[in-house]
Amino acid sequence: MPSQASSPTYATAKGFCITSAFWMMVATFMGLLGATELIAPDLLENVGWLVFGRVRPIHINLVLFGFVTPGLLGAAFYYLPRLLRTDLYSEKLGVITVLIWNLSLVSTVVSLSAGYSQGREYAEMIWPVDMLVVVMFLLVLYNLIMTVRQRREPVLYVSVWYACAAIVLTSATYCLGNVIWRPNTGALVGIPDAILLWFYGHNIFGLLLTPLALGVTYYVIPKACKAPIYSHTLSLIGFWSLLVVYTHIGTHHLLQAPVPTWLKVISIVDSVGMVIPVMVVLINIWYTAKGRLGEIHADVGAKFVFTGTIMYFFVSIQGSMMALPQVQRVTHFNNWVVGHAHVGVLGFSGMIALGGLYYVLPKLAGKPLFSKFLADFQYWMVLIGVSGFTIVLTIAGLIQGNAWLNGETVYRVLPEVHLYYVLRASLGLMIFTSALLGFYNIIRTLYFNTGEFSS
Ligand code: HEM
Ligand code: HEM
């Protein structure tokens, strides 16, 4: 891989890393609060801005736009200039983007907790906040495109493709999904609205988190293994097949709704076809790492990223199964899907965001990690937390799904799943604690690294 032109400040990359570490704490706290309210629904009944219906969208939007995306962007703003053998086009613009990004997150928390919501999953933010989000994506896009234009490296490595595609496509799908040309409602009407919403909602995972995470993976794994990527041809097949297959399968979220059958059929067939882009990438990455797992184990960032690839395998195989109508009759509308969501967003893209962050952090700081022990501890807490989430939520989902198929009412099943809700909250407490430790470690590494704790 190419080396860099001059010694940069990395202000933008640092800004995104701190943003990610900070909002991970807030996001996981909101998740924990929501989980506690599901165990004790009357806990905060008189505090309107803390009811579950407001806490849940805050949790979700903060994990997506506060923790995972900025974490992946933090790594991208480090690796892109290096891969392109140039400096970032404008660090100043990057820092302004980070500030607008944080302003949009604060506005998200304030508006959603005050009850201002578009009421559409993953598109809850109201129009003024949407505008901030669109501006921040466009600013990132401008900085990336200009950096690509001024590059001194003629060949575009696959990580550059993934990062640019994620930002270009999300700038468009965000506007579409939030129906920004209708500021009053942010929605169309009826079934067309549901189809459009899930086209967008699905592509937040498929065209934002997934390509950004794969971009980081394609950078970190060969670097950590000190080996070239196994196959450049496979990396191109993986990239283009992701764009072709992933973009239009959002209707698998609506198999129980009266949407046109042809749309359902396409979404089911291509959800199964997702096995191609997923396995092509994983074969490429795993073959690159073959015989070099020692190097990966020695670097905590690479360890996070590699574990994220294993989670990608599990969540994708599970996802393809969940798109089959016979399976979805049992798994839809219950905690099975919440389990899948956490393996995907935390286990796959969240793990890789943390991995990218820990991999680039010493390079940004020009010093070793403040504490490799704390980073490793966080790795295990997140891994145990997300694996535990998957197990307990899958069991809870199967209990709910089977009971409902047998004609049981929702409230009679609640006592059956109570234990699993308690276990979920306990595991969540672990993940929240790990976020606190991670924030401390990251700030100490960047700004107060006396070195006494390093290992
Ligand atoms: C940074 C890590 C996390 C990520 C990326 C994440 C992601 C998500 C996502 C995507 C959803 C939406 C699920 C769906 O609608 O199917 C969700 C819901 C939820 N999450 Fe998290 N989460 C994280 C951490 C936590 C933690 C620590 C807890 C605490 C227990 C938690 C508790 C919840 C709860 C209670 C819901 C709502 C479930 C429901 O509606 O029944 N999450 N999370
Ligand atoms: C081959 C890849 C995948 C397929 C075929 C797939 C399929 C599905 C399906 C069918 C559902 C809807 C389930 C239902 O409502 O009954 C779903 C939900 C979900 N998926 Fe995936 N998935 C895949 C990968 C991923 C990845 C990589 C992520 C995260 C980065 C992810 C995140 C989610 C989330 C958060 C939900 C919950 C949406 C909601 O709030 O209802 N999925 N997935």
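This dialogue reads two ligand shells and one helix pair in a predicted model.

Visitor: Where do I start with ligand 1? Which residues are closest to ligand 1?

Guide: Start with the shell of residues around the ligand. Ligand 1 is surrounded by 23 residues. The closest are G31, R56, H59, E121 and H342.

Visitor: Next, the polar side chains. Which atom of ligand 1 is 2.8 Å from an N or O atom in the side chain of H59?

Guide: Look for N or O pairs within 3.5 Å. For H59, the partner is a nitrogen atom of ligand 1, at 2.8 Å. H342 also has a side-chain N or O atom 2.8 Å from a nitrogen atom of ligand 1. E121 places a polar side-chain atom 3.1 Å from an oxygen atom of ligand 1.

Visitor: Which elements give two or more residues to the shell around ligand 1?

Guide: Map the shell onto the helices. The contributors at that level are α1 (11–39), α2 (52–84), α13 (335–365) and α15 (410–447).

Visitor: How many residues of each class does the shell around ligand 1 have?

Guide: Sort the shell by residue class. Around ligand 1, 14 residues are nonpolar, 6 are polar and 3 are charged.

Visitor: Now ligand 2. Which residues are closest to ligand 2?

Guide: Read this shell in the same order. Ligand 2 has 23 residues around it, and E121, Y122, F205, H332 and H340 are the closest.

Visitor: Which atom of ligand 2 is 2.7 Å from an N or O atom in the side chain of E121?

Guide: An oxygen atom of ligand 2. Two further side chains have polar atoms by ligand 2 oxygen. Y122 has one at 2.8 Å from an oxygen atom. H332 has one at 2.6 Å from an oxygen atom.

Visitor: Which element supplies the largest share of the shell around ligand 2?

Guide: Count residues by element. α13 gives the largest share, 6 residues. α6 (190–225), α11 (300–322) and α13 each supply at least two.

Visitor: And how does the shell around ligand 2 divide by class?

Guide: Into 12 nonpolar, 10 polar and 1 charged.

Visitor: Last, the helix pair. At what angle do the axes of α11 and α13 cross?

Guide: Take the axes, then the angle. The axes of α11 and α13 come within 7 Å and cross at roughly 155°. Angles over 145 degrees count as roughly antiparallel, so α11 and α13 are roughly antiparallel to each other.

Visitor: Is the crossing of α11 and α13 left-handed or right-handed?

Guide: Left-handed. The contact of α11 with α13 holds 17 nonpolar residues, 11 polar and no charged.

How values were computed. Residues are numbered from 1 along each chain as its sequence is written. Chains are lettered from A and ligands numbered from 1 in the order in which they are written. This is a predicted model: local features need pLDDT of at least 70, side-chain atom pairs count only at pLDDT 80 or more; totals for chains, interfaces and linings use all residues. Side-chain values use heavy atoms; hydrogens and water are left out. A residue is near a molecule or strand if one of its heavy atoms lies within 4 Å of it. A polar contact is a pair of N or O atoms within 3.5 Å; within protein, one must be able to donate a hydrogen and the other to accept it, and residues adjacent in sequence count only if both atoms are side-chain atoms. Helices (H or I, at least four residues) and strands (E, at least two) are DSSP runs, numbered from the N terminus. Ala, Val, Leu, Ile, Met, Phe, Trp, Tyr, Cys and Pro count as nonpolar, Asp, Glu, Lys and Arg as charged, and the others, Gly among them, as polar. Axes are lines fitted to C-alpha atoms, for helices over the stretch in contact, and angles run from 0 to 180 degrees between N-to-C directions. Angles under 35 degrees count as roughly parallel, over 145 as roughly antiparallel, 65 to 115 as roughly perpendicular and the rest as oblique. A crossing is left-handed if the near helix is turned anticlockwise from the far one by less than a right angle, and right-handed if clockwise.
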